[in-house]
2 protein chains.
Amino acid sequence: MNKPYVLGIDIGGTNTVFGIVDARGTVIASGSIKTKKHEKFADYIDELYQEATKLLVAHDAVGKVAGIGVGAPNANYYTGNIEDAANLQWKGNLPLGAMLEERFGVPVAVTNDANAAAIGEMTYGAARGMKDFIMITLGTGVGSGVVCGGNLIYGCDGLAGELGHVIARRGGRPCGCGRRGCLETYCSATGVVRSALEFLDAQPDISSTMRSIPSDELTSKDVYDAAKAGDEIALNVFKFTGRILGEMLADFAAFTSPEAFILFGGLAKSGKLLMDPLRESFENNLLSFQKGKIKILASELKEADAAVLGASALGWEAKSILNK
Amino acid sequence: MNKPYVLGIDIGGTNTVFGIVDARGTVIASGSIKTKKHEKFADYIDELYQEATKLLVAHDAVGKVAGIGVGAPNANYYTGNIEDAANLQWKGNLPLGAMLEERFGVPVAVTNDANAAAIGEMTYGAARGMKDFIMITLGTGVGSGVVCGGNLIYGCDGLAGELGHVIARRGGRPCGCGRRGCLETYCSATGVVRSALEFLDAQPDISSTMRSIPSDELTSKDVYDAAKAGDEIALNVFKFTGRILGEMLADFAAFTSPEAFILFGGLAKSGKLLMDPLRESFENNLLSFQKGKIKILASELKEADAAVLGASALGWEAKSILNK
């Protein structure tokens, strides 16, 4: 029996979105629940099962789901567990894959959000047909999914691809991981805000519309809007962000020699403001035999669908966790 | 017909070593020719064919070779070509694999030296049974071979794994690649000499036995000997080298989450002088969930055999280049 659908589930700190997806990457229907609502993980799985089942019933998809793919913070592909996720209220090791498989009775594959995005791009998006590329998600933090020879790199423990925590500036900004100078302290949405606050502080004589916003309320969107309006400091923030990201992507290129980098997330939509300094810095820092050969592309997945689509793509290849 | 041997060829700037190897990794016999001797690449291939054939005849191995594996500078696994190797006298694209296959009449697989070493460790050495590890060769330069999920990472163009050219110090020492601050300007044999000369210059008041050696004659072996004898500056050179290498290996670990790093080459034999500061720096710089989990091991291949063994291991899987 050839089952025509997969179920994609994207677990975020606030919301959990799920959708029924067909083999062409169309999201047939989707729904969501509040991740934060349940104190107990088992209660959360209960509600997720009930709501997703309602969706399957409403779209005549019961018994037609080949597998379930889940993207979740700190989710481990090998074990199916969420392991000590800082952004979720449940601590320790959560047997996410096993519990979902038990409820739904179909194979479940689990990975972290950025890996899910990489699989989504490879299956339905900008990386179709590519065997070697690196997905970079520029959100609150910086995530990554590394694909080599057509395979996602999971590493010996399922935790590979932490490019947001490669050191961009040794001894630099303190990072949530406990170390200093990680890429994500500079080139994420929060990194952009940190840069803006630093630059405003270091150059008190330069006027900026950002000075009218209280520092604890400044967002990366505010910095973007200011830069678009020609604000000198905001423009310099984007130059600085692009320069560091370009330097680091060039280092990453020396590692796996990818055909392309695919950028996803809020910052990736900054257009030329980010892309111009990024591309210039990237080309300047590449090894000579790589110059001019590696593409930097924006994601082709619709933001609203991307997380669910990426997760769902895993569902096609999911194997049973319980019968391992 | 099950052929019991492979031929391994290691092409260096000065010498080319070749050997007949059996399935257990025993080098049955080996020989060598001078790489530098021939102005024309075709003449070099001629002599290599003649000398290797003599060896095969002498050991009753004619017709018993399953494939040929070659490790060479800037050799591209996908094309079988040597591409603009700085350390060889022949310039441009050299169709190494195709020419050898035509002569010997068996499939030939070609890769760069460090990738060959990684395959050698995986097949016969310290990485047996490992699916995720990174080979680091600490020689005149720094080479690397990255293995993920049991596969060597070649990248989209066959040129992945240039970890010696990831930036260790942005804007740092000039590198032969035309850029600045590459890992190999610090953590290679030549990097150690550069550090020693810098440190001697910066601290003229500290006595050192290395001051009696003309600066253009100082070798990494001299620095090693001085450090072993307790020379303060030489000891600091090894601490500095180990610290930078540890920082960089920690970054590489965030990339592919390997089970181990395998170190090979002259510097890797410096023992505790290098390994103590290296391990300390590595652990200090790892992401918290990786601390204490990733091994740093020395190669288990005999130096004399390693290059040929590593190259030969490729021979078992070699596929025809000419009939592609």
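## Where the two chains meet

In this predicted model, 30 residues of chain A are in contact with 31 residues of chain B. On the chain A side, helix H7 (residues 232-256) gives the largest share, five residues. Sort that side by class and you get 15 nonpolar, eight polar and seven charged residues.

## How the copies are related

To lay chain A on chain B, you need a rotation of 180° with 0.0 Å of shift along its axis, and the fit comes out at an RMSD of 0.1 Å. The two copies are thus related as by a two-fold rotation axis. Both copies use the same surface for the contact, too: 100% of the contact residues of chain A recur in chain B.

## Two domains in chain A

Now for chain A by itself. The domain assignment splits it into domain 1, made of 5-119 + 304-315, and domain 2, covering 129-300. Taken over C-alpha atoms, the centres of these two domains of chain A are separated by 28 Å.

Where they touch, domain 1 of chain A puts in twelve residues and domain 2 of chain A puts in 14 residues. Helix H3 (residues 113-124) of chain A supplies the largest share of the domain 1 side, six residues. By class, that domain 1 side holds seven nonpolar residues, four polar ones and one charged.

## Helix H3 in chain B

Over in chain B, how far apart are the end C-alpha atoms of helix H3 (residues 113-124)? They are 16 Å apart, and that agrees with the 16 Å its twelve residues should span at 1.5 Å a residue.

H3(B) is also largely enclosed by the rest of the structure, because eleven of its twelve residues are buried. The buried set starts with Asp113(B), Ala114(B) and Asn115(B), then takes in Ala116(B), Ala117(B), Ala118(B), Ile119(B), Gly120(B), Glu121(B) and Met122(B), and finishes with Tyr124(B).

## A five-stranded sheet in chain B

Chain B also has an open sheet of five strands, in the order E10-E9-E8-E11-E12, with mixed pairing. Which strands stand at the edges? Those are E10 (151-152) and E12 (295-298) of chain B; each has a single partner strand, so one side of each is left without a neighbour in the sheet.

Elsewhere in that order, strand E8 (residues 133-138) of chain B and strand E11 (residues 260-264) of chain B pair in the parallel sense, over five bridges. For a specific example, take Thr137(B), whose bridge partner in E11(B) is Phe264(B).

Note on methods:
Residues numbered from 1 in each chain as written. Chains lettered and ligands numbered in written order. Predicted model: local features only at pLDDT ≥ 70, side-chain atom pairs only at ≥ 80, totals over all residues. Helix = DSSP H or I, 4+ residues; strand = E, 2+ residues; numbered from the N terminus. Expected span 1.5 Å × (residues − 1). Buried ≥ 20, exposed ≤ 12 C-beta atoms within 10 Å, placed from the backbone. Contact = placed C-beta atoms within 7 Å. Nonpolar A, V, L, I, M, F, W, Y, C, P; charged D, E, K, R; others polar. Least-squares fit on C-alpha atoms with pLDDT ≥ 70 in both. Domains from an automatic or database assignment. Pairing = 2+ DSSP bridges.
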